[in-house]
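Thanks for coming, everyone. I have one structure to show today, and I will keep it brief. Please look at the screen.

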Amino acid sequence: MTTRLRPSNKRCLVIGGSGFLGRHLVEKLLDRGYSVSVFDICQNDELPSVTFHQGDLCDKQALLSALKDVSLVFHCASPAPASDNRELFERVNIQGTSTVIQACKEAGVQKMVLTSSASVVFEGKDIKNGKESLPYAKKPIDYYTQTKIMQEKLVLEACDRESGFLTVAIRPHGIFGPRDPQLVPILVDTACRGKMKFIIGDGTNLVDFTFVENVVHGHVLAAERLKADSSVCGKAYHITNDEPIRFWDFMSEILVGLGYPAPRYHLPYLFVYGLALLLWMLALLLRPLISFKPTFTPMRVALAGTHHYYSCDRAKDDMGYTPVVSLKEGIKRTVESYPHLRRGA
Ligand SMILES: NC(=O)C1=CN([C@@H]2O[C@H](COP(=O)(O)OP(=O)(O)OC[C@H]3O[C@@H](n4cnc5c(N)ncnc54)[C@H](OP(=O)(O)O)[C@@H]3O)[C@@H](O)[C@H]2O)C=CC1
Ligand SMILES: CC(C)CCC[C@@H](C)[C@H]1CC[C@H]2C3=C(CC[C@]12C)[C@@]1(C)CCC(=O)C[C@@H]1CC3
């Protein structure tokens, strides 16, 4: 039986609630008796008990009308990292997040939970069991991450016990699960084009992949623990499956589960990284003439060839977090949820 923590009189708004994580979060909040509204630039299938507000989070007036009577805001909207659009990242993640904070304050919202990213400390070099005390990356791996750093700073600095506006940031890593538009579809597409034969580096690098329901659980716990007298206020929390796995074992389990062969041949990390950098610069130079998007971007190569896993001890200590779905079960549920991506389907 699930214990219900006095949320029934709580009205919350999920910004980005039509997206992958946002939609899972909305479903969990409904299940826990919250009254939920969604604010998003796009709408997917309607949920009967959810009020939907279509708009751009950079538009304060649109936000204000969605924030009426709302006491809790989850902000999990962001342009996709693959869009590789610096201006868009800056406009939405930095200016837009400032606008969200101002609108929340004006509307009398009491609590805000931001979906940040564990990558805010990642510079493309090994991180083993990284804690939240690690400094923000001085050289982030891409513009997306650069703006996620600024976004997290803005939200945590806005936490103000005196005025009663409390904030917290959740830093997930490598979210996967049913309906994910990114990880599994990109992987399968790469495999279909015959490019998933190679392992970058020696294949022993450990990485966190986090099942979406665990990320949702972290968000809900953070919201429910966020009070003026709690240690959660103004802090960032890693939320992972707490089961680091070899990057290439994870990829292989998904691929094999969907009927594709696992990558087998090794390529030196620095060679692939250099090649990816070259291709990325070429794509940038040729952008006015032709548009092509390399699959192996420097960011993806860095993520695929280094150790990067994070400690979630702080979340365990401060909010009683433990993952609710194991990695094995998460992979099984994910594979089963993509029958249309099976080989030969
Ligand atoms: N996926 C991952 O592995 C990780 C994700 N995160 C973070 O988690 C959050 C959710 O990610 P995820 O669910 O994967 O992403 P999605 O792209 O699936 O969801 C984001 C949602 O926000 C919407 N959105 C984008 N721009 C705006 C805007 N200007 N105004 C209103 N809505 C907007 C998107 O619409 P549209 O689709 O039309 O752009 C989409 O519906 C993001 O903040 C991301 O940075 C952190 C760590 C890992
Ligand atoms: C082509 C292959 C070498 C890699 C295919 C899988 C990748 C698409 C994913 C592996 C790790 C993922 C990841 C993210 C996006 C998808 C991957 C690159 C993020 C960048 C999403 C946003 C974040 O905040 C951090 C994530 C890190 C891991």
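**A pocket, a sheet and some helices**

Let's start with the second largest pocket: α8 (269-286) and α9 (298-305) each supply at least two residues of its lining. One thing before I go on: this is a predicted model.

So, which helix gives the largest share of that lining? That is α8, with five residues. In total, 22 residues line this second largest pocket. Nearest its centre lie Ala82, Asp84, Trp280, Thr297 and Pro298. By class, the lining has 14 nonpolar residues, three polar and five charged. The volume of the pocket is about 540 Å³.

Now to the sheet. It is open and has seven strands. Read across, the order is β3-β2-β1-β4-β5-β7-β12, and the pairing is parallel. Which strands stand at the edges? They are β3 (51-54) and β12 (236-239). Each has a single partner strand, so one side of each is left without a neighbour in the sheet. From one strand to the next, the twist averages 20°.

Stay at the β3 edge for a moment. Here β2, residues 35-40, pairs with β3 over four bridges, in the parallel sense. Look for Val38: opposite stands Phe52 in β3.

Next, the helices on the sheet. Take α4, residues 143-157. This helix packs on the sheet and touches β4 (72-75), β5 (111-115), β7 (166-172) and β12. The direction of α4 makes about 150° with that of β7. Then there is α6, residues 212-225. Helix α6 lies across β4, β5, β7 and β12. Its angle to β7 is about 165°.

Last stop: a helix pair. Two packed helices are described by the angle between their axes and the distance between the axes. Here the pair is α7 (residues 247-257) and α11 (residues 327-336). The angle is about 40°, and the axes are 9 Å apart. The crossing of α7 past α11 is right-handed. Which residues make the contact? From α7 come Phe250, Glu253, Ile254 and Gly257. From α11 come Ile331, Thr334 and Val335. Sorted by class, this contact has four nonpolar, two polar and one charged residues.

That's my tour. Thank you.

Technical notes. Residues numbered from 1 in each chain as written. Chains lettered and ligands numbered in written order. Predicted model: local features only at pLDDT ≥ 70, side-chain atom pairs only at ≥ 80, totals over all residues. Heavy atoms only, no water. 1 Å grid on protein atoms, 1.4 Å probe; cavity = no way out; pocket = protein on both sides within 12 Å on 5 of 7 lines; lining within 4 Å. Points joined across faces, edges and corners; volume = space filled by probe spheres on them. Nonpolar A, V, L, I, M, F, W, Y, C, P; charged D, E, K, R; others polar. Pairing = 2+ DSSP bridges. Axes fitted to C-alpha atoms, helices over the stretch in contact; angles between N-to-C directions. Contact = heavy atoms within 4.5 Å. Left-handed = near helix turned anticlockwise from the far one by under 90°.
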